[in-house]
Amino acid sequence: MTGRRTFLGSAASGLLILKPETVFGSQANSAIELGIIGAGGRGIWIGGLFKEHTLTHLAAYADPFQDRLDLASQKLGVESSRLYKGINGYQELLASKVDAVAIESPAYFHPEQVSAALAAGKHIYLAKPLAVDVAGCKSILASGDKAKGKISFLADFQSRVRPMFQEAARRVHAGDIGTPVIGQVFYHTGRLQRKDKPGASEAENRLRNWSFDKTLSGDIIVEQNIHVIDMGNWFLQGHPVSAIGTGGRKGRIDVGDAWDHFIVTFDYPNGVKVAFSSGQFTKGYNILCARIYGTGGTLDSHYGGYIRITGDKPWPGTEKDDTFVGGAVTNVKSFTDSIRTGQYVNNIPESIESNLTAILGRMAAYQQKTVTWDEMMRSNEKLEANLKL
């Protein structure tokens, strides 16, 4: 199997190792001061989970837009003096009194914001995807390496923390489906809603509609489909060596430039082929699935749905898993618990591996030819938004 260790080692070599100090110095029963970068729907939702499920004081929000800051303040009770407006408002937030930061901004900004949070010594809770391009992934990976043992740095992937998914992975890795031969990984869902603001400039509405923007989001295969791609990597214990694909815009063409469908074949080590497809326009059909066919059985797993193994060693699993909410709740609890105990968590290496797998699929589909993992890494691709607000 292609060496994950080799990839990670080469990407993180030659780094200046920093020593950020944890600013959380309160007693164990005191509330952790949390700031959130990004006051969109996800940022407010995550803030609510921290407030409901952890001993956290939701101290501050940063966002480019005042209306979203006002909504966050209204829903979650953040003081107006701790609302930081502007594309660089996160810098003021990081300079303020917070122990930890949840980064829920458009993925394009993550590497810069993570680097700043690390330099400020803040614990980091990061939304997926971690980055939109190869250069960004290398930056996040370097930050993750610097953070080890010093702060908690957790990427919010839900499947890997769910007990049923963990048991499924354990059984696959133990050989309960025999030798993996082929796989199917797919993510088909309805379109997201536009976030235009009447009278706003083109640049502002581009940022508000960032999930439809190739550069700001990384396109749907990176921004959204990464969840099932991560599941495939997990079950197969590594990343693909190459990919070939296609896709385009046909079902949703009214906003942005992101594609609405992808079809990619990933070639994993040991000759395992995985067929990936996605759509972000479907009506009446919504499914997120990672299925692995082995010589002795089949793993059939669904994000938010049933998980089971059939074949020589059947396992009934579960008919429905609360992946989305349950996984996020587990993550916010694990993150805050780790800060209190000093047992810092860091899942950045495997998270970046899945992020890069999604980028490999995007690169192969855009070019409509075979692209190898090594070619992708050598490209050091860096997307430029040229966003002028």
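What percentage of the 389 residues of the protein count as buried? In this predicted model, the share of residues that count as buried is 57%. The fold comprises 14 helices and 15 strands. Its radius of gyration is 20 Å, close to the 21 Å expected from the globule rule for 389 residues, so the protein is as compact as a globular protein of that length. The C-alpha trace spans about 60 × 50 × 45 Å along its principal axes. Of the contacts between residues at least 6 apart in sequence, 70% join residues at least 24 apart.

The exposed surface amounts to about 15,900 Å², of which carbon and sulfur atoms supply 50%. The protein carries 43 positive and 39 negative side chains, and the centres of these two sets lie 1 Å apart.

In the whole structure, 19 salt bridges are found. One of them joins R42 to E104, with the closest N and O atoms 3.9 Å apart. R42 belongs to helix α2 (residues 41-53) and E104 to the loop between β4 (100-103) and α5 (110-119), so this pair ties together parts that are 62 residues apart in sequence. R42 is partly exposed, at 26% relative accessible area, whereas E104 is buried, at 8%.

A salt bridge also forms between R206 and D213 (2.7 Å, N to O); R206 is partly exposed at 26% relative accessibility, and D213 is buried at 7%.

Within helix α7 (residues 163-173), E167 and R170 are three residues apart, about one helical turn, and their side chains form a salt bridge of 2.8 Å, N to O. Both are partly exposed, E167 with a relative accessible area of 22% and R170 with 47%. These two residues are linked with R171 and D176 in a network of salt bridges.

Terms used: Residues are numbered from 1 along each chain as its sequence is written. This is a predicted model: local features need pLDDT of at least 70, side-chain atom pairs count only at pLDDT 80 or more; totals for chains, interfaces and linings use all residues. Side-chain values use heavy atoms; hydrogens and water are left out. Helices (H or I, at least four residues) and strands (E, at least two) are DSSP runs, numbered from the N terminus. The radius of gyration is taken over C-alpha atoms; the globule rule is 2.2 Å times the number of residues to the power 0.38. Buried means under 20% relative accessible area, exposed over 50%, partly exposed in between (1.4 Å probe, protein chains only). Contact means heavy atoms within 4.5 Å. Accessible areas come from the Shrake-Rupley method with a 1.4 Å probe; for residues, only the protein chains shown count as cover. Lys and Arg count as positive and Asp and Glu as negative; His and the chain ends are not counted. The place of a charge is taken as NZ of Lys, CZ of Arg, CG of Asp or CD of Glu. A salt bridge is a side-chain nitrogen of Lys or Arg within 4 Å of a carboxyl oxygen of Asp or Glu.
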